[in-house]
Amino acid sequence: MTQDVNLKKNRLGWQPPPAFYALLGLAALLLVNWFCIPSFFEIQVRDGNFYGSLIDVFNRGAIGVLLAIGMTLVVATGGVDLSVGSVVAICGAVVAIVLTTTQFGIVVAIAAGLLAAVGAGAVNGILITWLRIEPIIATLVLMVSGRGIAKYIAGEQTVAVPPELASPTLDFLGNGHFLGLPFPITIAAVLFVVTLLVVRRTSVGLLVESVGANPSASRACGINDTVVKLTVYVFAGFCAGLAGIIDLANIGIADPTNAGALSELDAIFAVLVGGTALTGGRFSLTGAVIGALLLQTLMTTLYTWGVPSDVAPVPKAIVILLVCLLQSPTLRSWLERTLRGNRKMGSRQVEASS
Amino acid sequence: MKNLLNTTFSRRAFVFSALALSAVLMPGCANKDQAAGGDAGDKKPTIGFVQTGDLSDWRKAHTQSVKEAAEAAGYNLKFADGQAKLENQVKAVSSFISQGVDAIIIAPLEVSGWDNVLEKAKKRNIPVLILDRQVEVEDDSLYVTYIGADTYNEGILAAKWLVEKVDGKAKVVELQGSQGASPTINRRDSFLEVIKDHPGIEIIASQAADYELTKAKEVMEAILKAKGDEIEVVYAHNDYMALGAIQAIEEAGKKPGEDIIVLSIDGMKSAFEAMVAGKLNCTVECNPLQGPKAMEAIGKILAGETDGIPKKQMVLDKVFDQSNAAEEIGSRKY
């Protein structure tokens, strides 16, 4: 975390940590909710478990958080993974099909699903590292064809997992509770902490950042950038696989058409809003997680307000734009100058500086 | 973008990218002539069938029904699907016309855009039957008959069932389908039409969940938190959304079917299972098994008895609730 809280003096006096603006956005949104929907903050205990809108945010946000964690490392190497939404669908379809058509049981089914997801990540990694295809194209291939693959695996239909097969394990993964909180929260939290430890307590994070900042220089330093890149795509696939299993477990139906649809874009938004630049290099896992929770808070807020789901993307886009504007150094220094100019020299200078 | 600077790799990267992209895009173009390659020596009448091409269980059952009915009636059915694009559907119809099929069945994606191609069919004396969703054409002699489900009536039936069940008094949450789709509009308007006369029935929240289970669950979770114990009834525009709402209600610690009445439209097998389990109260059938009726009409058309066929034939919708779900569930095909 030392890099995350790396305060530097600059022209504006203070350089906030990368996650700062995502946090600011989240705080602003919660403040609006505090006044407009007081019930948003109510947390009750029902059947021994916590129950309330905030719990929903974390529960529904778990999938976004998982995808954002995987995406952060990919973006940090200067790449992008557009295929994670389709991998969610593939993994869900594989688990559901193995469960319903074979006798192997839930453990094998989940292993097969994760294997498929990791395999998909490996395909991305190989296309990008060995064949040198641009990440956006290489993963676009799997984004488009992946949904077709998921449909093919599922036999061109939605696959319902009957309750007697789902319980107790699969059902617990999606709807169970641990310490009074929905279990998907635990999965996302554990993955976050483990990833953070591995990335920041070992040299892994440094390797990822150096490959993202300058691949040629890091190659010259003896860093095997092929292995580093391959690893982050495989990891992104693994995260998408976990998300796919949670999604399937939550509703008990593998829906290859809708599962994870457009979630890759949400994950990229979360990463960017969290202060990681698409150009690669420095990254903030904490920021990405806050970014993902910001998006989910917004969606839950809109549903609570009763905004129709086809209009909901508009306020979402506005919030994302606002956070990105806050992050823009150009806009910030302009604001700074404007404010200062107003105070010292009057309004004529303001027009000149704009 | 760093790789692009590296010229030795960039050319190879470009070729691979182009190959990969074309591999992805090709299948989209390949299917339109699926219907070609007819067997000319066949004496059986040839029927061209243009389907919408979405993946829902309902649509699958619909396609299956048409195929089976055509086989039973001894027709040679040529199948094309629009892959959810009107353009593909129009192309498929044109291709059927130039092959000179004996009749064409269209399950249109959209109401408009059909005039030109239907005029072509009329010039070649190929009768056209519109199935499932309607078309709007200036000259309605361009098609022989329309056969489909009455989505307006479905909303009326659902509302009437509710009025009787709750004695004209209830607070309702409505889960709407995709905005702008004709079933959504019809199922909403007709429901409102009926409850207008029953001021005790009040819609306290109305939100779109796009006919999707996951979305319906998430939307319902939010509504449950906002409206809490007020909610007495959930009216979902399709079964999938009702199933999502049921999950959300259960997680809120309430009993769907008892604490909150749930009613929906479609009549899928999973809805019947939910009714038998006591979680869903009522579903209005929207029958996809339109094949036999379509083939009956085609038979008359081919025999030249077009005069006796009404312009609009609605497949009858039935209401099922917990009282008759158990005996019906065995005979559900979809």
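A salt bridge is a side-chain nitrogen of Lys or Arg within 4 Å of a carboxyl oxygen of Asp or Glu. The model open in the viewer is predicted, and by this rule it holds 17 salt bridges over all chains. The tour visits some of them.

**First stop: B:R187 and B:E154.** Select these two residues and display their side chains, which meet in a salt bridge at 2.8 Å, N to O. B:R187 belongs to helix α7 (residues 182–195) of chain B and B:E154 to helix α6 (residues 151–166) of chain B, so the pair ties together parts that are 33 residues apart in sequence. Both B:R187 and B:E154 are buried.

**Second stop: B:D266.** Keep B:R187 selected and add B:D266; their side chains also form a salt bridge, at 3.8 Å, N to O. Because B:R187 lies in helix α7 of chain B and B:D266 in strand β9 (residues 261–266) of chain B, this pair ties together parts that are 79 residues apart in sequence. The relative accessible area of B:R187 is 4%, and B:D266, at 9%, counts as buried.

**Third stop: B:D229 and B:K254.** Next, select this pair, whose side chains meet in a salt bridge of 2.8 Å, N to O. B:D229 sits in the loop between α8 (213–227) and β8 (233–236) of chain B, and B:K254 in the loop between α9 (239–251) and β9 of chain B, 25 residues apart. Which of the partners is buried, and which exposed? B:D229 is exposed, with a relative accessible area of 61%, whereas B:K254, at 16% relative accessibility, is buried.

**Last stop: a network.** Finally, select B:R59, B:D132 and B:R133, which are joined into one network by salt bridges that share partners.

Key. Residues are numbered from 1 along each chain as its sequence is written. Chains are lettered from A and ligands numbered from 1 in the order in which they are written. This is a predicted model: local features need pLDDT of at least 70, side-chain atom pairs count only at pLDDT 80 or more; totals for chains, interfaces and linings use all residues. Side-chain values use heavy atoms; hydrogens and water are left out. Helices (H or I, at least four residues) and strands (E, at least two) are DSSP runs, numbered from the N terminus. Buried means under 20% relative accessible area, exposed over 50%, partly exposed in between (1.4 Å probe, protein chains only).
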